[in-house]
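I opened this notebook to keep track of what I looked up, beginning with one helix and moving on to the aromatic rings.

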Amino acid sequence: MSAPSETDLSELANLIRQWSKALGFADVGFSDLRLAHHQQAFEQWLNAGFHGTMSFLERNGELRFRPELLHPNTVSIISVRMDYLPHQARFASDLDDDSQAYISRYAVGRDYHKVMRKRLKQLGDKIQHYCIEHFGESSDARPFVDSAPVLERPIAEKAGLGWIGKHSLLLNSDSGSWFFLGELMINLPLPVNETLAVNQCGDCVACLKICPTNAIVEPYVVDANRCISYLTIEHDGAIDTDLRPLMGNRIYGCDDCQLICPWNREAEPTDEADYQHRPVWQPHDLVTLMGWDETTFLNNTAGSPIRRIGYERWQRNIAIALGNGPSTDAAVAILKQQRGQVSDLVDEHIDWALQQLQIIPTQSRKTARLVRSIRTGLPRDAD
């Protein structure tokens, strides 16, 4: 095999951009492997305990900062972005109605891990076929989508896909932050991006101010122990009683820091069918969701990222949301019905919810959102 020239690799990079767009990726860039300068900040974050119970983040540190060890022979990284904002997102309407469940908009469709991994694999296959045909030897590429110790946001930033915002998510000046990231590590020295996107957060601290639990402890630093996304998805134990009232009706994830971000105001919804609202996640009242047995939960979450939290966490999260909602006969009845059906952990949260409904008057979600809109400027009626 004759080594591909810079011209050959530049032509291949242009083809990769075309193939990526055809596969549904909104953007693609190319990064080198120099990530060691992120190690100190990452270790400081770990030492502060901001990773909560996610002990897997403490492992494989060397692989995280040296991608060539994670996938031997890696020379460059292809970073892709796939938009997920569904049509008719209904953010405000779901947050305002505290009898309904709020689910992070990335999870209302099909599991993005499966969607993106399949398409990254297809992209790798196209590159491999091209290399065999034009260079006489196959390429060696491996896809990653939240499946290994990969610094996806720093890699995407190096690849020119955007900058890391103060909420720690990647931001793009054209598309905000409503997107997933994926990587294809490859043994080809593709022409990497040389110019980083300018950080355009400026003096804005809206994401810090809007966070219901003050989880963004300082710009670019998130304490997972207080983050609603972590609490509802990753955390498998009891949720601190001080945090429960702040979670509102959010039963899976939280979008507040993205909702308030000015760069998301003009973000366009995706036409990707896999990321549109599944019928089961159309407005759904908490009482109905709490009444699902485990078989119903598993059936209704097949192919959904929500399934990974399991039935126990599902019941725990909904119990908290019911405790933060209106005190109705139906809410009290379903909580009492489910007590003793799952686990002591769930029962603890059911007891808390019943106490909230029977003793503490509930502030309406609409009023709470109005207070936050005055404080932060978040439009109340933006759906």
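Entry 1, a helix. I looked up which residues of α1 are buried (under 20% relative accessible area with a 1.4 Å probe, protein chains only; exposed is over 50%, partly exposed in between), and found L9, L12, A13, I16, W19 and S20. Seen down the axis of α1, these buried residues fall within an arc of 125°, so they line one face of the helix; the arc is taken from the directions that run from the helix axis to the C-beta atoms. On the other side of α1, I noted T7, Q18, K21 and A22 as exposed. The cover over the buried residues of α1 includes β1 (27-31), β2 (76-83) and α6 (112-135), where contact means heavy atoms within 4.5 Å. Helices (H or I, at least four residues) and strands (E, at least two) are DSSP runs, numbered from the N terminus.

Before going on, I wrote down that this is a predicted model, in which local features need pLDDT of at least 70 and side-chain atom pairs count only at pLDDT 80 or more, while totals for chains, interfaces and linings use all residues. Residues are numbered from 1 along each chain as its sequence is written, and side-chain values use heavy atoms, with hydrogens and water left out.

I then checked the length of α1 (residues 6-22): at 1.5 Å a residue its 17 residues should span 24 Å, and the end C-alpha atoms are 24 Å apart, which agrees. The expected span is 1.5 Å times one less than the number of residues. Just after α1, G24 takes a positive phi of about 100°.

Entry 2, aromatic rings. I counted rings of Phe, Tyr and Trp (its six-membered ring) as a pair if their centres lie within 6.5 Å, with planes under 30 degrees apart stacked, over 60 edge-to-face and the rest tilted; by this rule there are 19 aromatic pairs. The rings of F42 and W45 have centres 6.0 Å apart and planes at 35°, so this pair is tilted. F42 and W45 are three residues apart in helix α2 (residues 39-47), and are therefore separated by about one helical turn.

F180 and Y275 form an edge-to-face pair, 5.2 Å centre to centre with 65° between the planes. Because F180 lies in strand β7 (residues 179-186) and Y275 in the loop between α10 (256-259) and α11 (286-290), the pair ties together parts that are 95 residues apart in sequence. F180 is buried at a relative accessible area of 6%, and Y275 is buried at 2%.
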